[in-house]
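Work through the exercises below with the sequence and the model open. Each task is followed by a solution in steps.

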Amino acid sequence: MKLVFSSTGTVMQHTWSLLAWLCALTPGLMGAAAGADFRHHRYEDMVRALFAVQSECPYITRIYSIGRSVEGRHLYVLEITDNPGVHEALEPEFKYVGNMHGNEVLGRELLIKFAQFLCEEYRAGNQRITRLIYDTRIHILPSMNPDGYEVAARQGPELNGYLVGRGNAREIDLNRNFPDLNALMYYYEKTNGRNHHLPLPDNWEQQVEPETLAVIKWMQNYNFILSANLHGGAVVANYPFDKSRDPRIRGRTTYAATADDKLFRKLARTYSYAHSWMHKGWNCGDYFDEGITNGASWYSLSKGMQDFNYLYSNCFEITLELSCDKFPPASALPREWLANREALVSYLEQVHHGIKGMVYDENNNPVGKAEISVAGINHDMTSGADGDYFRMLLPGTYTVTASAPGYLPSTTTVTVGPAEAILLNFYLKPAPKQSLKGKPHKRNLTSNKAPLKLGPR
């Protein structure tokens, strides 16, 4: 059965919704009713499941590896889009990352199921899903830490401890393993330095694990705009910054807002309210208003992946804590899928809000690495190699400037609505010939080692 949508995506027939309601009451029916494969997938099972999706939907999918784990397992990504393997100008890149902590397994299973769902709904003619696939380049990495998962899976759901399998094969926590760009950002805030695409420290490749290295190289090769990484151990949508600017005050860390704090709160709320119960606040013995939290306000975390995304690339990432139980039994998976299915789709759709466009020179040649700045928001974006840029924004009126070395900046005012992104192109004129002064060398700060805190993130 399928959802039938009008041109605006409104549900016109509720056959599937009725099925979902029945399955919520009797989760055991879900597998038979929807042809679902609700079980835990070991590495080989996961690989087979991904290739099965690729076989079922060969014209809209591609499987590629971004690298290998410590023990040599491929970090496979399933790409879903109308033209796999190609970046199309003005089509944003989106990613979901699961199983960063090997013993937090729900995200892994949800992303396998989500890939199957997108394929099935595309084949069934679901207009909403088809539009997403045609307008978005979707990348799904079900397991960033396959080695840790195998350690956790050997113990299974009943005996799994809080830490067994959390780290990679070297027992390194991958969410404490990215270069610490927060320290550099907080220094630049005080010295009016760069506010985006911060430089990596010297010899950074020797300082990170193979899985972390693979993800950073992945980010260098794809101009990701929006992302979420899926965890377990709590139920809340967590947004940057994870690392506090200030020391603890009366035993608590303080809220660390990004320049896009309102937007991040909107992104987190999008997932929380589309989730069956996250938005209610009380989960796992904790209370989070609206089911969202600033990372540092919860507890401070250094070298995390979501902060790194924001400070190193054009990508906005949040961390989704999806289950009290880090390794839930297979019998819980149908209910969890129903709770997260709409949220996974709704969050993905957010990549299409704000402004986007091309940056050209006076001869209509694309200008890559042009900076896109928005007055009042101290965080710039850059255009991709093809000259296209994406800037997620809340509804409102903004003054936007495009600039690039060797060109005069171009500024315009644009009003953003609640619907799809506004197309806003820039045409840059050459700057008058003059001597160019080199940019001052910026300090490389990679200090400020925080004590290890092993919370869900």
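Contact means heavy atoms within 4.5 Å. This is a predicted model, in which local features need pLDDT of at least 70 and side-chain atom pairs count only at pLDDT 80 or more, while totals for chains, interfaces and linings use all residues. Residues are numbered from 1 along each chain as its sequence is written, and side-chain values use heavy atoms, with hydrogens and water left out.

**Exercise 1. The loop residue Leu 90**

Task: find which residues Leu 90 is in contact with, leaving aside its neighbours within four places in sequence.

Solution.
Step 1. Locate the residue: Leu 90 sits in the loop between β4 (74-80) and β5 (93-98). Helices (H or I, at least four residues) and strands (E, at least two) are DSSP runs, numbered from the N terminus.
Step 2. List the partners: Lys 356, Gly 357, Met 358, Asp 388, Phe 390 and Leu 423 are in contact with Leu 90.
Step 3. Check one pair: Leu 90 and Lys 356 are 266 residues apart along the chain, and their C-alpha atoms are separated by 6.9 Å.
Step 4. Classify the exposure. Buried means under 20% relative accessible area, exposed over 50%, and partly exposed in between (1.4 Å probe, protein chains only). Leu 90 has 23% relative accessibility and therefore counts as partly exposed.

**Exercise 2. Whole-chain figures**

Task: state what share of the 457 residues of the chain counts as buried, and how many helices and strands there are in the chain.

Solution.
Step 1. The buried share is 55%.
Step 2. The chain has twelve helices and 20 strands.
Step 3. For contacts between residues at least 6 apart in sequence, 74% join residues at least 24 apart.
Step 4. The chain exposes about 19300 Å², of which carbon and sulfur atoms supply 52%. Accessible areas come from the Shrake-Rupley method with a 1.4 Å probe; for residues, only the protein chains shown count as cover.

**Exercise 3. Helix α12 and its partners**

Task: describe how α9 (residues 261-274) and α12 (residues 333-349) cross, then do the task again for α4 (residues 106-124) and α12.

Solution.
Step 1. Choose the quantities: two packed helices are described by the angle between their axes and the distance between the axes. Axes are lines fitted to C-alpha atoms, for helices over the stretch in contact, and angles run from 0 to 180 degrees between N-to-C directions.
Step 2. The axes of α9 and α12 come within 7 Å and cross at roughly 150 degrees. Helix α9 is therefore roughly antiparallel to α12. For the angle classes, under 35 degrees is roughly parallel, over 145 roughly antiparallel, 65 to 115 roughly perpendicular and the rest oblique.
Step 3. Leu 267, Thr 270, Tyr 271 and Ala 274 of α9 make the contact with α12, whose residues there include Ala 339, Ala 343 and Tyr 347. By class this contact has seven nonpolar, three polar and one charged residues. Ala, Val, Leu, Ile, Met, Phe, Trp, Tyr, Cys and Pro count as nonpolar, Asp, Glu, Lys and Arg as charged, and the others, Gly among them, as polar.
Step 4. The axes of α4 and α12 come within 10 Å and cross at roughly 65 degrees, so α4 is roughly perpendicular to α12.
Step 5. Residues of α4 that meet α12 include Leu 110, Phe 114 and Phe 117, and among those of α12 are Trp 337 and Leu 344. The contact of α4 with α12 has nine nonpolar, one polar and four charged residues.

**Exercise 4. Trp 277**

Task: decide whether Trp 277 counts as buried or exposed.

Solution.
Step 1. Trp 277 is in the loop between α9 and β9 (282-283).
Step 2. Its relative accessibility is 17%, so Trp 277 counts as buried.
Step 3. Leaving aside neighbours within four places in sequence, Trp 277 is in contact with Val 235, Asn 283, Arg 335, Glu 336 and Ala 339.
Step 4. Trp 277 and Ala 339 are 62 residues apart along the chain, with their C-alpha atoms separated by 7.4 Å.

**Exercise 5. Backbone angles**

Task: for Asn 99 and Lys 369, give phi and the place in the chain.

Solution.
Step 1. Asn 99 has phi near 60 degrees, a positive value in a residue other than glycine. Asn 99 lies in the loop between β5 and α4 and is buried, with a relative accessible area of 0%.
Step 2. Lys 369, not a glycine, has a positive phi of about 60 degrees. The loop between β13 (355-361) and β14 (371-374) holds Lys 369, which counts as exposed at 71% relative accessibility.
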